[in-house]
Amino acid sequence: MKNFISNMRKVVYKGEEVYIPYGFKYIATDVDGEVYAFALEPCQPKIGYWIVGEGNFFKLGEFDRISDKESKDSLEYYPN
């Protein structure tokens, strides 16, 4: 694929290499193990679940279920 330009970048989240879209700066995991990337910083108004008021999110995959505390501590920031 000559001159291919990806719209994704590689980061390491919890020891795993994952690809997130450019412009996305945050990754977090819900208690049910679903892992999401967010363009804007998400919040956790309901314990264990991340949301973002405005902006995009992208489901990256799934881990095993985690505790409420692990979910709260799962938010990672990746500057562009």
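pLDDT is the predictor's confidence in each residue, on a scale from 0 to 100. You need it here as the model on your screen is predicted. Colour the chain by this score to begin: the average is 92, and 99% of the residues reach at least 70. Strand β5 (residues 43-46) has the lowest confidence, with a mean of 90, while β8 has the highest, at 98.

**Stop one: the hairpin of β1 and β2**

Select β1 and β2 together. The two strands run antiparallel, and six bridges join them. Two residues sit between the strands of this hairpin, and K14 has a positive phi near 55°. Now click on Y13, whose bridge partner in β2 is E16.

Show the side chains of β1 next. Which of them point to the buried face? R9, V11 and Y13 do; M8, K10 and V12 point to the other face and are not buried. That fits a general pattern: in a regular strand, side chains alternate between the two faces of the sheet.

**Stop two: the cores**

Select V11, Y13, V18, I20, F24, I27, V35, A37, A39 and Y78. These 10 residues form the largest nonpolar core. At least two of its residues come from each of β1 (8-13), β2 (16-21) and β4 (34-38). Seeing nonpolar side chains buried together is a tendency of soluble globular proteins.

Centre the view on V35. Setting aside neighbours within four places in sequence, V35 touches Y13, I27, A28 and T29, and also the run F58, K59, L60, G61, E62 and F63. Apart from the largest core lies another, made of six residues, including A28, Y36, W50 and V52.

**Stop three: the aromatic rings**

Show the rings next. The whole structure has four aromatic pairs. Go to Y13 and F63: their ring centres are 6.5 Å apart and their planes meet at 40°, so this pair is tilted. Y13 belongs to strand β1 and F63 to the loop between β7 and α1, so the pair ties together parts 50 residues apart in sequence. Is Y13 buried or exposed? Y13 is buried, because its relative accessible area is 1% and the cut-off for buried is under 20%. F63, at 35%, is partly exposed.

Move on to Y26 and Y77. Here the ring centres are 5.1 Å apart with the planes at 45°, so this pair is tilted too. Y26 is in strand β3 (residues 26-29) and Y77 in strand β8 (residues 76-77), which puts them 51 residues apart and makes the pair a link between distant parts of the chain. Y26 is buried at 13% relative accessible area, whereas Y77 is partly exposed at 45%.

Then select Y36, F38 and F57, which ring pairs link into a cluster.

**Last stop: I66**

Finish in the loop between β7 (57-62) and α1 (68-72), where you will find I66. Why does I66 count as partly exposed? Its relative accessibility is 21%, and the partly exposed class covers values between the buried cut-off of under 20% and the exposed cut-off of over 50%.

What does I66 contact, leaving aside its neighbours within four places in sequence? Add T29, D30, V31 and S71 to your selection to see. For a final distance check, pick the C-alpha atoms of I66 and G33: they are 33 residues apart along the chain, yet separated by 6.2 Å.

How values were computed
Residues numbered from 1 in each chain as written. Predicted model: local features only at pLDDT ≥ 70, side-chain atom pairs only at ≥ 80, totals over all residues. Heavy atoms only, no water. Helix = DSSP H or I, 4+ residues; strand = E, 2+ residues; numbered from the N terminus. Buried < 20%, exposed > 50% of the residue type's maximum accessible area, 1.4 Å probe, protein only. Contact = heavy atoms within 4.5 Å. Core = buried A, V, L, I, M, F, W, Y, C linked by side-chain atoms within 4.5 Å. Phe/Tyr/Trp six-rings, centres within 6.5 Å; stacked < 30°, edge-to-face > 60°. Pairing = 2+ DSSP bridges.
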